[in-house]
Amino acid sequence: MPPRPPRWHVADPSALLFQHWPGEDEHVVFNLRSGDLHLLNPAATAVLGRLAEAPASVDDLRASLNQIDASALDAVLESLDGLGLIGPLP
Amino acid sequence: MTVGDLSDAELCGLLRAQRFTLRIGPFLVRLRSVMSEVQAALALLYRAHEIDTEADGAHFVIRLDHPGLVRRFFRAQAQLTFDLRQPFIPLPASMAAPMLEAGLNWCIGNYAHQFLVIHSATLERGGRALLMPAPPGSGKSTLCAALVTRGWRLLSDEFALVDPTTGILVPVPRPIALKEGSIDVIARWAPDAVFGPSVVNNEDETVAYMQPPARSVRDSGLTCRAGWIVVPQYVAGADATTTPMTRARALMHLADNSFNYNFHGRVGFDRLVAIADQAPSVTLRYSRLDEGVDAVDRLAQTGAP
């Protein structure tokens, strides 16, 4: 298993456009860099939103997003990384 | 002047001389062909469309002819050429009409970037548009054909063309493509509907085209805005059931079926958001056409499934 990156970040937060309708759980994010649209559940939205504000380590995320359990957080980070929405901070 | 105003000889002459320019909604399409199959398809299926014999330009210039002299006389085939390219393999001459329709779809889907292009049947009633974005095989065209025989105006059975800046939907009415069992279903549903010949395509499916209603073609200049989104899903044996979609899911569905929203960047995204915002969205599972049509009519009348 590869080591966890020390910190995650959103390379260009201004390239992410979020859309959410009141009363709905899911958010939509449009990545202007890739041209891709993604449907995000509340956990993924919270993580991406937090990282769009500032880079963070997994421990930081766990502390600030305590509604997401540890294994779910790992899965969310892996998904967002796979979608090209976040990356390890160089 | 419409295609129906031309004699067979005039139509043949214009097609051979490359002076046949068809107006299909916002597009001028110049066609050249010597094939009798192409002439017959145009005379029947584009009867109400306007032509312009003096147009000095066109959005798309298409040639549909035999690929060579040998192929013309020995196992006659048809080859479509667009902008010096041949996007499809040659097919039997009997496939000329499906090839023309596939060629027009290819042109619009790949080049009409002045619009936000969504793969969707699109109809209008009371000044509002019904969008049915769905992949092939979902029953979209069957439901579309049934609805146009029950008072809905056809904008297209294949595309929603959206002005990305204003959100206005621009009609591009063309023949409605029906496959396999849907051909008989619609022939029974609307005995007065006019069909071109049934042919077997290169995927071994029987396909036939239904003539678009003349009123829809004449009213090609009447634009409208999105009013409803219905995602049809044909399920054999199923009772008609409508299920509301969240706006986020509707937005994703529009994007999944869009050819070029990302080409338009932020403007394309904002436009899809606006459509999802303004148009109530449902999924519609159905098997019996009358129930499917009733469900759509109910949605249009009450705004609720």
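Tutor: In this discussion a residue is called buried when its relative accessible area is under 20%, exposed when it is over 50%, and partly exposed in between. The model is a predicted one. With that cut-off, strand S2 (residues 27-32) of chain B can be described as mostly covered.

Student: What makes strand S2 of chain B mostly covered?

Tutor: Five of the six residues in S2(B) are buried, and buried stands for under 20% relative accessible area.

Student: How do you know that S1(B) and S2(B) pair, and in which sense?

Tutor: Pairing requires at least two bridges between the strands. Strand S1 (residues 20-24) of chain B and S2(B) share five bridges, in the antiparallel sense, so they count as paired. One facing pair is Arg23(B) and Leu28(B). The two strands form a hairpin with two residues between them; in its turn, Gly25(B) has a positive phi of about 60°.

Student: How do you know that S2(B) also pairs with S3(B)?

Tutor: Four bridges join S2(B) to strand S3 (residues 60-65) of chain B, in the parallel sense, and the rule asks for at least two. Here Leu31(B) stands opposite Ile62(B).

Student: Why are S1 and S5 of chain B said to stand at the edges?

Tutor: The open sheet has five strands in the order S1-S2-S3-S4-S5 (chain B), with mixed pairing. S1 and strand S5 (91-92) of chain B each have a single partner strand, so one side of each lacks a neighbour in the sheet. S5(B) is joined to strand S4 (residues 77-82) of chain B by two bridges and runs antiparallel to that strand; Pro92(B) is the bridge partner of Gln77(B).

Student: Which residues touch the most other members of the largest nonpolar core?

Tutor: They are Phe20(B), Leu22(B), Phe27(B), Leu31(B), Leu42(B), Ile108(B) and Leu161(B), in a core of 42 residues. Helix H4 (residues 96-111) of chain B gives the most to this core, with six residues. At least three residues come from each of domain 1 (3-110) and domain 2 (116-302) of chain B. Beyond its sequence neighbours within four places, Leu161(B) is in contact with several residues, including Phe27(B), Ile108(B) and Val172(B).

Student: Why is the pair Glu26(A) and Arg249(B) called a salt bridge?

Tutor: The closest N and O atoms of Glu26(A) and Arg249(B) are 2.4 Å apart. The cut-off is 4 Å, so the pair qualifies. Across the interface of chain A and chain B the rule finds one salt bridge. That interface brings 14 residues of chain A into contact with 15 residues of chain B, and the chains bury about 1,400 Å² between them, 72% of it on carbon and sulfur atoms.

Student: How do you know that Asp277(B) and Arg247(B) form a salt bridge, and are they buried or partly exposed?

Tutor: Their N to O distance is 3.9 Å, and the limit is 4 Å, so the rule is met. The pair links helix H9 (residues 265-278) of chain B with helix H8 (residues 247-256) of chain B, 30 residues apart. Asp277(B) counts as partly exposed because its relative accessibility is 41%; Arg247(B) is also partly exposed, at 32%. Glu124(B) and Arg153(B), by contrast, are both buried, and they form a salt bridge with closest N and O atoms 3.1 Å apart.

Definitions and conventions. Residues are numbered from 1 along each chain as its sequence is written. Chains are lettered from A and ligands numbered from 1 in the order in which they are written. This is a predicted model: local features need pLDDT of at least 70, side-chain atom pairs count only at pLDDT 80 or more; totals for chains, interfaces and linings use all residues. Side-chain values use heavy atoms; hydrogens and water are left out. Buried means under 20% relative accessible area, exposed over 50%, partly exposed in between (1.4 Å probe, protein chains only). A nonpolar core is a set of buried Ala, Val, Leu, Ile, Met, Phe, Trp, Tyr and Cys residues joined through side-chain atoms within 4.5 Å. Domain bounds come from an automatic or database domain assignment. Contact means heavy atoms within 4.5 Å. Buried area is the accessible area (1.4 Å probe) that two parts lose on being put together, summed over both. A salt bridge is a side-chain nitrogen of Lys or Arg within 4 Å of a carboxyl oxygen of Asp or Glu.
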